[in-house]
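Hi,

Here is the structure I said I'd pass on to you. Have a look at it first, and my notes on the cavities and ligands follow below.

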Amino acid sequence: MTTSTVKTNLLGLTQPEMEKFFDSIGEKRFRAGQVMKWIHHFGVDDFDAMTNVSKALRDKLKAIAEVRGPEVVSEDISTDGTRKWVVRVASGSCVETVYIPQGKRGTLCVSSQAGCALDCSFCSTGKQGFNSNLTAAEVIGQVWIANKSFGSVPATVDRAITNVVMMGMGEPLLNFDNVISAMRLMMDDLGYGISKRRVTLSTSGVVPMIDELAKHIDVSLALSLHAPNDALRNQLVPINKKYPLKMLLESCQRYMATLGEKRVLTIEYTMLKDINDKVEHAVEMIELLKNTPCKINLIPFNPFPHSGYERPSNNAIRRFQDQLHQAGYNVTVRTTRGEDIDAACGQLVGQVMDRTRRSERYIAGREAKAADDLPLIAVNRI
Ligand code: SAH
Ligand code: SF4
């Protein structure tokens, strides 16, 4: 392919970038808004459908530009309403996007990288190693695809996607520029119009990039803590060896301070049986977080083959939750959703899976559940 045939993909351009693009082709800047609305509000990828754009400009755009999302390999819908898309990105790898409806809220869990280099010991994405960074178009393309599947309504009308969490595959802070551009589009009224409080970036703790984040954007922040001390966190989340807990919590505090409003950090804590679920871990956690205003989200471990970990019993999870709750924390337990389509946290592997592996994992999840008598829903508490 010669360079002259490479078209500019308009899907991942933020408003200023889109204006620059129209400038560069000798067109008026207001075209940016018109085209963005077609792309993001109406899910249009065909310039001919952009009826308020002149025929001459449409022809010009067709020659030099395109609106191209990642290729949808599969879309699964769970019995509980959860949806999962597997999409293929330019590098040839596949990543996953999950939509979780919950009352009036609809949360889209978006991937930022194919694979992940950080190798957390309990994460199936990490087990695959790093493959590639997604482009801004591939990150926002996941929102675009999901939104289209609900009938692409303008951002001002009731929407299916009310929240976006960067909690799919990959470490978003290690694909910084593309993730920032995509999050800007999520929040822009010409994009998806989602409030900054409802766009959340989750990180395992890339400290310098948390500080950098504050200079660019004011989205909500979630920290994947998983251990209340450095020795254990070094084992579970290896990046902790580079950026230990004290340094990490201080950077989160700095980030939250720049938000300057009543917004709190979310602490994610994946619960691993006999590893980080004991009374003494809760005691340490209470001490560790005493100067960090936060809410805590406990994520029961989602099993996958050969992980070497198990999910704690519901009783153990409840005990842990109660202990933190009594110390004054707002603690929720994340219920597993979309289990029948392998859509749970940490189970996203991003390959087109063969049926055998799928059912193996499904059974592993079921067995973990059957071992308990108390349903988790009963221990959820805000
Ligand atoms: N890389 C980022 C965001 C993606 S992971 C991060 O680590 O924060 C989203 C969340 O799912 C993280 O808190 C992660 O630790 C958690 N997770 C990973 N594997 C899991 C598993 N098998 N069971 C439960 N949660 C898991
Ligand atoms: Fe990467 Fe997050 Fe998985 Fe760790 S938990 S390996 S940072 S995706």
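One thing up front: this is a predicted model. The cavity search came back with three cavities of 30 Å³ or more. I'll stick to the largest cavity here, whose volume is about 510 Å³.

What lines the largest cavity? There are 31 lining residues, and F122, C123, M167, G168 and S224 are the ones nearest the centre. By type, the lining splits into 15 nonpolar, 12 polar and four charged residues. As for secondary structure, α4 (124-127), β10, β12 and β13 each give at least two residues to that lining.

Now for what's inside. Ligand 1 takes up space in the largest cavity, and the space taken by ligand 2 is the largest cavity too.

Ligand 1

Around ligand 1 there are 21 residues, with G170, S202, S224, H226 and N302 coming nearest. That shell is made up of nine nonpolar, 10 polar and two charged residues. Three strands, β10 (199-203), β12 (265-271) and β13 (294-300), each put at least two residues into the shell; β10, β12 and β13 are also among the elements that each supply at least two residues of the cavity lining.

Which side chains make polar contacts with ligand 1? Here are three for your list:

- S224: a polar side-chain atom sits 2.5 Å from an oxygen atom of ligand 1. S224 is also one of the lining residues nearest the centre of the largest cavity.
- H226: an N or O atom of its side chain is 2.7 Å from an oxygen atom of the ligand.
- T270: here the ligand atom is a nitrogen, 3.1 Å from an N or O atom in the side chain.

On its own, ligand 1 would expose 530 Å², and the protein buries 95% of that.

Ligand 2

The residues surrounding ligand 2 are C116, L118, D119, C120, C123, G126, G170, E171 and S204. They divide into four nonpolar, three polar and two charged. Two names should look familiar: G170 is among the residues that come nearest to ligand 1, and C123 is among those nearest the centre of the largest cavity.

Cheers

Definitions and conventions. Residues are numbered from 1 along each chain as its sequence is written. Chains are lettered from A and ligands numbered from 1 in the order in which they are written. This is a predicted model: local features need pLDDT of at least 70, side-chain atom pairs count only at pLDDT 80 or more; totals for chains, interfaces and linings use all residues. Side-chain values use heavy atoms; hydrogens and water are left out. A residue is near a molecule or strand if one of its heavy atoms lies within 4 Å of it. A polar contact is a pair of N or O atoms within 3.5 Å; within protein, one must be able to donate a hydrogen and the other to accept it, and residues adjacent in sequence count only if both atoms are side-chain atoms. Accessible areas come from the Shrake-Rupley method with a 1.4 Å probe; for residues, only the protein chains shown count as cover. On a 1 Å grid over the protein atoms alone, a cavity is a set of points where a 1.4 Å probe fits but cannot get out, and a pocket is an open set with protein on both sides within 12 Å along at least five of seven lines; lining residues have an atom within 4 Å of a point. A molecule sits in a cavity or pocket if more than half of its atoms lie within 2 Å of its grid points. Helices (H or I, at least four residues) and strands (E, at least two) are DSSP runs, numbered from the N terminus. Ala, Val, Leu, Ile, Met, Phe, Trp, Tyr, Cys and Pro count as nonpolar, Asp, Glu, Lys and Arg as charged, and the others, Gly among them, as polar. Grid points are joined across faces, edges and corners, and a volume is the space filled by probe spheres set on the points.
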